[in-house]
There are 2 protein chains.
Amino acid sequence: MSHTPRSKILVTGGTGLIGRYAVADLVARGHDVHVITRKRQPCGLTRGATFQQVDLADEHSIREVFERLRPTHLLHLAWETRHGVFWSAEENLNWIAITMHLARAFHAAGGRRLVGAGTCAEYDWNDQGLMSSNCNEADTPIAPGHLYGVAKDATRKTLEAYAKTTGLEFAWARVFFLFDHDENERRFVRSIISNLRARKRASCSPGTQIRDFMHAADVGAAFAALLLSETKGAVNIGSGVARTLAEVAITIGELMGRSELIGLGDIPARSGEPHRLVADTRRLTVEVGYNPDMSFRERLNGCISLLMERNTDLSLS
Amino acid sequence: MSHTPRSKILVTGGTGLIGRYAVADLVARGHDVHVITRKRQPCGLTRGATFQQVDLADEHSIREVFERLRPTHLLHLAWETRHGVFWSAEENLNWIAITMHLARAFHAAGGRRLVGAGTCAEYDWNDQGLMSSNCNEADTPIAPGHLYGVAKDATRKTLEAYAKTTGLEFAWARVFFLFDHDENERRFVRSIISNLRARKRASCSPGTQIRDFMHAADVGAAFAALLLSETKGAVNIGSGVARTLAEVAITIGELMGRSELIGLGDIPARSGEPHRLVADTRRLTVEVGYNPDMSFRERLNGCISLLMERNTDLSLS
C-alpha cells in the first residue's frame, strides 16, 4: 500500500482485458475505486472496487454518477474492442460521443485528472523512420490508417484542447500490442498456445513483423501508474522491446516443449502490415516511473499455465 | 428551378445565420428541404421548408426522424456559435457528440451525401506561408489554436474516415469571415454600420489585418452548391479576396456618406491575431462551380439598407 493520499477513482471499461488489472492495481494501492459497468461482471481481479451500474451511453445517468461520487480521477478505458471488428466499426463514433460527455460530466463534478486509452494505431505506420527507430510520442508523425485510430486521435486532440481550456489534467496512453490468457482466442499468442495445447500445428506467417508485446496485466499496471502520476499528454504503453512474431511463436513452442508444432511460413504474410512497431518507452519508464515486475517469458509462461489448467478453452471476449 | 433530380435534404442549423440562406437556396432549386429545429422560428427565408421539431441532442428522436424521412442529403450546420464564447465553449464537445450520432443515423437511414461546416480556424494561423499566400485545403498545415477549431478538425477527420469506411459521400466546408445585417451586433461590419447609423464614431484598431469577407447569403448559397455537387473533402468557403479591416471600415463609411466617423487606430490592435487569412477558392469556384451573384460593395450596401430601415437595432443572435 502506498503512502500517497487516497484518491477517488472512476474507471470505465474496468471489467475489460486491461481494465480489470488496472482496477486490481489501484485497489491494491488503497484507492477508492469505482467501476462503471452496464452489468455486474464478477471477476476476482476487480474485488474491492465499487460497481456503478450505468450505461455509458446514458448521458443523464452518467452526470448523476459523477455528481454523486465526485471522483478526482477518471480512467477511461471503455471503447469498441471486438476482435477484428473494432478497426472499422461504426461504434467508434459512439465512443467519441460518449467520451465527450464523460469528460464534461467529470469536469463539471470537480474532476482533476483524466487518463484516456489511445493506441499505437494513431502513429503513421508508413513513416520510414519506424523501420529503425521506435514510435516516439513527440516526434513520430500522427496519421492513423483506420477509423479506429482516427477516432482515438480525434478524441485525444479534443480532450487535450479541452484540458487546456478548463484546467483539467490530461494524459493519454498509447497502447501497443498486448497478450493475455483471456484475450480473444483468435489473437496471436493465445491461438498458438491453444493449438499447441491441443497438440495441433500452429500455422503462422513467416512472422518477420516486429512488434512490441506487453502482457495485459503490465498494461493495466502502467495505466494505474500513469493515472496516479502527474505526467501529461501522450505516453506510450509498451515494453520498448522489439520482437518478431516468429520469436514470440518460437518462445511459446519452447516453453511448452512443443517447438515442432510451430509452423512458421505455413501461411503467407498479410500484405499491407507495417514492418516494425515498437514503443519508445522513455516517458513511461522515466517520467511515469513504471517498469514491469515480470519478464516476457514469465508472462508467457503464466498464460500457458492458466490456459493449460482450463477444462475448456472458451474466450471471454 | 434546376433540372437536376429533386433531392430530400435534411438541414441542421437551418434557421441560423448561414442556414436560412442555404435553405432558401435549396428550396428555390426545387428540393424537398427539411429543417431540424428545437423551436419553430419563423423566418421569411426558410419558407417552403418543412420543420422537424427535434432536439439534436436527443439521439433516439434523431434516429426516428432519419428513419421516417430517409433524406439523401444531410447539410449539418448546427454548432455552438455564440459570439466570443464559441472559441472555448465546452459545448464544442457536445457538438462533436451530436455530429457523431447524426452521421450514424443518416447513414443507417440510407443517406448518400453529408456536408459539414468547418472553419478557417482549422488552419495553422502561425504558418509563415499565409503571410503571402491563401489558405489551401491540401497544402496549408492544419493546427487549430482554439478548442473550437480543434473540435471541428476532429469532427472532420472522423467523418472523413467514417465516409471512407461506409461509402458515404462527404464534403467539409471551411468557412472564412462572414457578415450579415443579422449578425451579432458586436461583430465588425454590423457594429460599424450601427455606430454610423447612430452618427457615433466607430472606434477601430488600425485594421491592418487582412481577412476574407463573404456575405452570409453567399456563404449559404455556397453551402447549397457544395451540397448539390459531387465534390468531396475540404472546400474553403470564402471570396478569395484579401481585404484589410481598414478597407472594409472605410468602404462602409463611404457607402453611408459618413467617412469622418471611421476612427481607425482609435484603439490598439489586438495582439496574437494572425496577419492574413484569405481563402484559396479554386475548389469552390472551379470544382463546385460556385460564384457569388453580387459584389462585396453591393452586399455591404444591402446590409446598410436593412439596418437603416430598422426602428430598433436588436441582434437576433
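Contact means heavy atoms within 4.5 Å. The model shown in these views is predicted.

**View 1. Chains A and B are related by a two-fold axis.** A rotation of 180 degrees superposes chain A on chain B. The shift along the rotation axis is 0.0 Å, and the RMSD is 0.0 Å. That is the relation of a two-fold axis.

**View 2. The two copies meet through the same surface.** Take the interface residues of chain A: 100% of them are also interface residues in chain B. The copies therefore use the same surface to meet.

**View 3. The largest nonpolar core has 73 residues.** Phe66(A) and Phe66(B) have the most contacts inside this core. Both chains contribute. In chain A, helix H2 (59–69), helix H3 (91–108), helix H4 (147–166) and strand E6 (169–175) each supply at least two core residues. In chain B, helix H2, helix H3, helix H4 and strand E6 each supply at least two as well. In soluble globular proteins, nonpolar side chains tend to be buried together.

**View 4. Phe66(A) and its contacts.** Neighbours within four places in sequence are left aside here. Phe66(A) then touches Leu10(A), Pro71(A) and Leu74(A). Phe66(A) is also in contact with Leu102(A), Ala105(A), Phe106(A) and Ala109(A).

**View 5. Thr99(A) is buried in the model.** Thr99(A) lies in helix H3 of chain A. Its relative accessible area is 3%, under the 20% cut-off, so Thr99(A) counts as buried. Beyond neighbours within four places in sequence, Thr99(A) contacts His76(A), Trp79(A), Thr155(A) and Leu159(A). The side chains of Thr99(A) and His76(A) make a polar contact at 2.8 Å.

Technical notes. Residues are numbered from 1 along each chain as its sequence is written. Chains are lettered from A and ligands numbered from 1 in the order in which they are written. This is a predicted model: local features need pLDDT of at least 70, side-chain atom pairs count only at pLDDT 80 or more; totals for chains, interfaces and linings use all residues. Side-chain values use heavy atoms; hydrogens and water are left out. Copies are superposed by least squares on the C-alpha atoms of residues with pLDDT of at least 70 in both. A nonpolar core is a set of buried Ala, Val, Leu, Ile, Met, Phe, Trp, Tyr and Cys residues joined through side-chain atoms within 4.5 Å. Buried means under 20% relative accessible area, exposed over 50%, partly exposed in between (1.4 Å probe, protein chains only). Helices (H or I, at least four residues) and strands (E, at least two) are DSSP runs, numbered from the N terminus. A polar contact is a pair of N or O atoms within 3.5 Å; within protein, one must be able to donate a hydrogen and the other to accept it, and residues adjacent in sequence count only if both atoms are side-chain atoms.
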